Number of protein chains: 2
Amino acid sequence: MSNDVPRVPAERLAAFILRVFTAAGVPAGDAQTLANLMVEADLRGSDTHGVIRLPLYVRRLRAGGVNATPNIRVVSDRPSAALIDGDNGMGHLVMRRAAELAIEKAKATGVGWVGARMSNHAGPAALYVTMPLKHDMIGLYFAVGSSNHLPPWGGSESLLGTNPMAVAVPALDEPPIVLDMSPTVAAYGKVRLKAQRGEPMPVGWMIDREGKPLTDPKRADEGHLLPIGDYKGSGLSLIIGLLAGALNRAAIGRDVVDFVKEAGKPTNTGQAIAALLIEAFLPPLEFKRAVDRLIRDIRNSPRLPGVDRIWLPGEQSHTKLLDRRAHGVPLPKALRESLDGIARDLNIELLG
Amino acid sequence: MSNDVPRVPAERLAAFILRVFTAAGVPAGDAQTLANLMVEADLRGSDTHGVIRLPLYVRRLRAGGVNATPNIRVVSDRPSAALIDGDNGMGHLVMRRAAELAIEKAKATGVGWVGARMSNHAGPAALYVTMPLKHDMIGLYFAVGSSNHLPPWGGSESLLGTNPMAVAVPALDEPPIVLDMSPTVAAYGKVRLKAQRGEPMPVGWMIDREGKPLTDPKRADEGHLLPIGDYKGSGLSLIIGLLAGALNRAAIGRDVVDFVKEAGKPTNTGQAIAALLIEAFLPPLEFKRAVDRLIRDIRNSPRLPGVDRIWLPGEQSHTKLLDRRAHGVPLPKALRESLDGIARDLNIELLG
């Protein structure tokens, strides 16, 4: 599909994002960090969580919903646990700091668990949950979604979000296993995409207030997402919300602010990242060999009729990463136009 | 339903289990621990993971598949992480020890993560994941299932198990939130129950080797369980298996031993438990008040038509715990007969 879409080299995209954030009042170092992380999201194939969010981020920064010059600080600190207050800065900056601290603690004690409050949307979990990998650690990540679209099981008020959880596990010669999932059948971004394309949603994505299937994505506001595994997905969302939100004195339930609809309002987004030092359990080389073996057993196992290939979690994303590093990030026409719009608004050089 | 089933007081059931394990060669202290934990499983309503497993446990002990007198020991130790070798003892003994160690580490550093290898089936996760609660901690639990019934997404060989994960979060006046779930639509115990009752399974529980719906529970051996959320549940099972199995040098994938079919063979079951000290993030009282508020917001939120009540994860189990503590554990006739059978085999006093 993306073969037909014009590509832009990662470096050029990063330089553009840097210009945008700098023009929006973000200090140069932070703007560079944001540019690198957002481009990495697009390189990994997280097309709904990368540069496509730039217009929204800029809107929130300019509306005062996000703090361009935050004082991100550790407000509670133990040998293996900490809480970071993001001072309402960009979530990417907060969670990079949280991941670094979790890694440091895991080096010292075997495990590091760092929560964040007063954070914001941080792009895809994969950016942070993979940071521990190069230190021979496993990463875990939990976040409160930036709007509530999921009711508790049996309910008809969206008190819960598509709260994502992610786990990253290093392999030796194989790409790492990276599971990054929301506990809903479809993420809300997919609903928006269907609406943009004028296509109906499959039965099973959403229900209306009466509990009947909702397939018209333009009526999404009248309905709710469905959780995976019925009460299981709803319970998973609640638990992720407690770990990433309540435990960090961040928003959960009715306190969650819809970051699209209320651009000028701080969200008090909560996230958590944990790093597990593999060496605390067994030699990393032995572990990674076992992971390689399991990956290959799974990939080469018998397939159902009609299935061409069994993919491991994160493998398709890894394939995109290699392709896009070499050939650039696909930028569909509508996205390019919206980026041009930001450039004109901020009076900066176009992406080119 | 259970109102029609004869009840037996928890103490009497525990005394019987103690006699059974003692007769099977388990030292008195360990036998008492097993009796208490197994009865607690039944009190909590885990009818598929409590005393109903006693015949299998005894069979495995007598066949040499489980070590009656294990030397359970810590084989790797860091300030916040450890690995325990269960020496092929009963999983309950191994995981109680693991939970205690995780709690100790969390007290000292903020987080404790303890893995176990050479363990065995330990009953329901709820037994261990709730142990941190009274220390004002959150509990997390991951386990490799005791047989493989789940293929990777797209596959037709069961390389994965119904690997459970559980999280327990304390509240103040409300019962704790306890999510204890497998990443499959139905647990395998439910399939066995349908077979016993001669009832068909609903479409969506299992598929056959061609990928077609399998509804005859007597043909369960020819098919596979379906994961929740398609590739998400399958990915979740893999990740749980890596955290609980591979990281602990325990069995995963093709190394998993079916503990029912191979009673004489050690399973090298892997489990992991983590404890998170709430005080490392915020005052526990403040946290538990926030959890109470969220629980009540959810319970009192608008319901879908036909829904009488919104239940929180673990709430029905808590209700059963109160009822069964007061009125005893329901023992269906078939279960009673199987317990009588064990007593005769071991030449010990009947349950009475």
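Q: Which residues in α2(A) meet which residues in α4(A)?
A: A:Asp30, A:Thr33, A:Leu34 and A:Leu37 in α2(A) meet A:His92, A:Leu93 and A:Arg96 in α4(A). Contact is a matter of distance: the C-beta atoms of two residues, placed from the backbone, must lie within 7 Å. The model is predicted, so local features need pLDDT of at least 70 and side-chain atom pairs need 80 or more, while totals for chains, interfaces and linings use all residues. Residues are numbered from 1 along each chain as its sequence is written, chains are lettered from A and ligands numbered from 1 in the order in which they are written.

Q: Why are α2(A) and α4(A) called roughly perpendicular?
A: Look at the crossing angle. The axes of α2 (residues 28–43) and α4 (residues 91–109) of chain A cross at roughly 85° and come within 9 Å. Each axis is a line fitted to C-alpha atoms over the stretch in contact, and angles run from 0 to 180 degrees between N-to-C directions. Under 35 degrees counts as roughly parallel, over 145 as roughly antiparallel, 65 to 115 as roughly perpendicular and the rest as oblique. The two helices are therefore roughly perpendicular.

Q: How do you know what classes of residue make the contact of α2(A) with α4(A)?
A: Sort them by name. Ala, Val, Leu, Ile, Met, Phe, Trp, Tyr, Cys and Pro are nonpolar; Asp, Glu, Lys and Arg are charged; the others, Gly among them, are polar. This contact has three nonpolar, two polar and two charged residues.

Q: What makes α2(B) and α4(B) roughly perpendicular to each other?
A: Their axes cross at roughly 85° and come within 9 Å. That angle makes α2(B) and α4(B) roughly perpendicular. B:Asp30, B:Thr33, B:Leu34 and B:Leu37 of α2(B) make the contact with B:His92, B:Leu93 and B:Arg96 of α4(B). By class, that is three nonpolar, two polar and two charged residues.

Q: Why is α3(A) called roughly parallel to α10(A)?
A: The axes of α3 (residues 54–62) and α10 (residues 333–346) of chain A cross at roughly 30° and come within 10 Å. That angle makes them roughly parallel. A:Leu54, A:Pro55 and A:Val58 of α3(A) touch A:Ser338, A:Leu339 and A:Ile342 of α10(A). Five of these residues are nonpolar, one is polar and none is charged.

Q: How do you know how many helices and strands chain A has?
A: Both are DSSP runs, numbered from the N terminus: helices are H or I with at least four residues, strands are E with at least two. Chain A has 10 helices and 14 strands.

Q: What makes chain A as compact as a globular protein of its length?
A: Its radius of gyration is 20 Å, close to the 20 Å that the globule rule gives for 352 residues, so the description fits. The radius is taken over C-alpha atoms, and the rule is 2.2 Å times the number of residues to the power 0.38. Along its principal axes, the C-alpha trace spans about 55 × 50 × 45 Å.

Q: What makes β11 and β12 of chain A edge strands?
A: Each pairs on one side only. Pairing takes at least two DSSP bridges between two strands. The open sheet runs in the order β11-β10-β12 and is antiparallel. Three bridges join β10 (residues 206–208) to β12(A). One bridge partner pair is A:Met206 with A:Leu225.

Q: Why does B:Val8 count as buried?
A: B:Val8 has 20 C-beta neighbours inside 10 Å, so it counts as buried. The cut-offs are 20 or more other C-beta atoms within 10 Å for buried, 12 or fewer for exposed, and in between for partly exposed, with C-beta atoms placed from the backbone. B:Val8 lies in strand β1 (residues 7–8) of chain B. Beyond four places in sequence, its contacts are B:Leu13, B:Gly328, B:Val329, B:Leu331 and B:Leu351.

Q: Why is A:Asp230 called partly exposed?
A: A:Asp230 has 13 other C-beta atoms within 10 Å, so it is partly exposed. This residue sits in the loop between β12 and α7 of chain A. Its phi is positive, about 55°, although it is not a glycine. Most residues other than glycine have a negative phi.

Q: How many residues of chain A are in contact with chain B?
A: 61 residues of chain A contact 61 residues of chain B. On the chain A side, α7(A) gives the most, with seven residues. That side divides into 38 nonpolar, 15 polar and eight charged residues.
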